[in-house]
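Notebook open, structure loaded. I'm jotting down what I look up as I go.

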Amino acid sequence: MNGDETQPPLHCLVTGATGYIGGRLVPELLAAGHRVRCLARSPEKLRDHTWAGDAEVVRGDVTDASAVEEAMRGIDVAYYLVHALGTGAEFEATDRKAARIFGERARAAGVRRIVYLGGLTPSGVPEGELSPHLRSRAEVGRILLDSGVPTTVLRAAIIIGSGSASFEMLRYLTERLPVMVTPSWVRTRIQPVAVRDVLRVLVGSARMPADVNRAFDVGGPEVLTYRDMMLRYAEVAGLPHRVIVPVPVLTPRLSSHWVGLVTPVPASIARPLTESLRHEVVCREHDIARYVPDPPGHPLGFDQSVRLALLKVRDAQVTTRWSSASVPGAPSDPLPTDPAWSGGSLYTDRRELTVQAPREALWRVIEGVGGENGWYSFPLAWAMRGWLDRLAGGVGLRRGRRDAQRLRVGDSLDFWRVEEIEPGRLLRLRAEMRLPGLAWLEMRADTDGAGRSRYSQRALFHPHGLLGQAYWWSVSPFHAVVFGGMARNIARAAEGTAPLPRTAARAASRRRAASR
């Protein structure tokens with residue numbers, strides 16, 4: 001998207017930049033010539049994005065009125081791309097409070113426009129019958145429209161793009177289940193839209209006339225059932241024909257657990273997605289084109305959207321994923337470098353080994369852990385822990401990696417998240433599995449006094465209550481196998497004495513073939 005050289009650049013505030021849409025919107029706004037400020041609870045998660053040096057990042061939460069007020073200073077257009085879904089039973093009240101603060105502070109700061117991306121609501125369905133997810137999205141839109149600041153509310157159904165929760169759910173259901181017994185909502189008519197078109201209208205909405213204060217439906221050119229989308233996905237992906245048998249007995253709650261078991265999307269995120277599919281969500285107008293004209297070939301059709309998404313996934317170019325945003329309820333406390341837990345304990349499992357390989361080789365192995373590369377010890381134990389986590393409603397192991405070789409702060413990595421990375425030296429992961437406490441895994445590549453490479457590994461656990469204490473002592477007998485084996489195998493892999501993980505082996509094979 002190119003900037004309009006006939007108009008001065010705008011100063012844009014983006015909330016939700018650590019999430020799926022926000023993380024993609026920032027570089028698009030920058031490419032359009034605008035200045036960007038991001039409001040984030042954890043600015044360090046944005047540090048390793050390619051655009052981080054071109055955007056201003058300030059710390060704050062949308063429920064903190066003073067932080068929002070400060071972030072609004074000098075802003076022309078404010079993007080509201082956050083929601084409190086999954087933060088607890090009171091998430092609707094939290095959404096309501098945050099939207100009111102955002103609108104009030106935007107008006108006080110003289111912001112010219114608010115742009116909000118919400119959900120497409122079904123026609124003719126009373127609001128009380130909507131899922132809590134859609135009902136809250138609709139209420140937030142109304143609050144912002146009534147704020148006194150000209151507001152654009154964009155309402156989209158399923159967004160198709162590499163890494164989106166909707167796309168991951170569709171992809172894994174279709175790829176992993178050649179024969180499916182499915183919920184009845186697979187017959188519901190939906191109007192999916194490509195993430196490229198969503199980003200295009202988000203950027204274009206910044207320059208809407210001041211007298212425009214309304215909602216717009218945003219969708220692709222086709223209306224499909226979820227069953228249609230699975231069959232079309234299989235065709236585009238080159239898979240055999242899928243057999244889909246809808247049954248009426250799977251409630252949204254049950255079907256969300258079914259989705260959680262089959263796909264990387266945990267039940268806590270799958271449930272609002274599946275609940276939203278109970279009703280038909282089809283655009284009633286395409287008025288957005290009056291203000292943000294469709295370029296040739298847009299909006300993209302479903303098949304083309306899937307092709308582009310699959311190309312990004314297969315080329316490891318997924319810039320953001322649904323799991324870029326922290327899982328609701330996951331511990332977000334920073335690693336205590338000098339812990340002083342009041343009345344608490346910090347248990348540590350520490351391993352250190354000398355490695356007969358350059359430190360750079362050791363670091364490549366460390367940065368490559370997880371996903372298809374695995375965890376270098378007792379695969380069955382890791383798999384079992386992942387399954388237990390998913391049965392408890394957690395994320396499990398199936399989130400994988402954004403990129404097979406590179407990591408950055410904020411990346412999800414199976415049931416971990418990258419909390420800190422110092423290239424060539426340190427990788428620190430924070431656990432997002434269901435645990436009675438907080439946990440971290442830290443891996444270091446160092447050099448000792450004799451110039452030899454040294455691998456250091458720490459697993460840390462801060463228990464919550466007696467259950468946390470019992471958990472640590474029940475699993476500690478297995479640490480020698482799991483963590484000890486992991487340390488030894490990482491060292492061997494760096495030394496070239498262990499088999500390469502599957503992804504690395506394939507990459508090496510491609511390099512050898514290219515050199516012939």
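How many bridges join strand 18 to strand 19? I find eleven, and the two strands run antiparallel. For the record, strands are DSSP E runs of at least two residues and helices are H or I runs of at least four, numbered from the N terminus; I call two strands paired if DSSP finds at least two bridges between them.

Ground rules before going on. This is a predicted model, so local features need pLDDT of at least 70 and side-chain atom pairs count only at pLDDT 80 or more, while totals for chains, interfaces and linings use all residues. Residues are numbered from 1 along each chain as its sequence is written, and side-chain values use heavy atoms, with hydrogens and water left out.

**Entry: overview.** I count 16 helices and 19 strands in the protein. Of its 516 residues, 54% come out as buried, where buried is under 20% relative accessible area, exposed is over 50% and partly exposed lies in between (1.4 Å probe, protein chains only). I also looked at contacts, meaning heavy atoms within 4.5 Å. Among those between residues at least 6 apart in sequence, 75% join residues at least 24 apart.

**Entry: the six-stranded sheet.** Back to strands 18 and 19, I note that they belong to an open sheet with the order 14-19-18-17-16-15 and antiparallel pairing. Strand 14 (347–355) and strand 15 (412–413) are at the edges with a single partner strand each, so each has one side without a neighbour in the sheet. Helix 12 (residues 359–367) packs on this sheet and touches strands 14, 16, 17, 18 and 19. Its direction makes about 160° with that of strand 18; the axes are lines fitted to C-alpha atoms, for helices over the stretch in contact, and the angles run from 0 to 180 degrees between N-to-C directions.

I then checked individual pairings. Strand 14 pairs with strand 19 in the antiparallel sense over nine bridges, and V355 has S453 as its bridge partner in strand 19. A445 stands opposite Y455 of strand 19. The hairpin of strands 18 and 19 has five residues between the strands, and there G451 takes a positive phi near 85°. On the other side, strand 17 (residues 426–431) and strand 18 (residues 437–447) are antiparallel over five bridges, with R444 of strand 18 as the bridge partner of L426. Strand 19 is mostly covered, with nine of its eleven residues buried.

**Entry: helix 6.** Eight of the ten residues of helix 6 (residues 195–204) are buried, so the rest of the structure largely encloses this helix. Among the buried ones I list D197 and R200.

**Entry: T152 and S123.** Is T152 buried or exposed? I get 0% relative accessible area for T152, which means buried. T152 is in strand 6 (residues 151–156), and its side chain makes a 2.9 Å polar contact with that of R113. A polar contact here is an N or O pair within 3.5 Å; within protein, one atom must be able to donate a hydrogen and the other to accept it, and residues adjacent in sequence count only if both atoms are side-chain atoms.

S123 is exposed at 54% and lies in the loop between strand 5 (113–119) and helix 4 (132–145). Leaving aside neighbours within four places in sequence, I see S123 in contact with E280 and R284. The C-alpha atoms of S123 and E280 are 7.8 Å apart, across 157 residues of chain.

**Entry: cysteines.** I searched the whole structure for disulfides (cysteine sulfur atoms within 2.5 Å) and found zero. C12 is buried at 0% relative accessibility, and C283 counts as buried at 17%.
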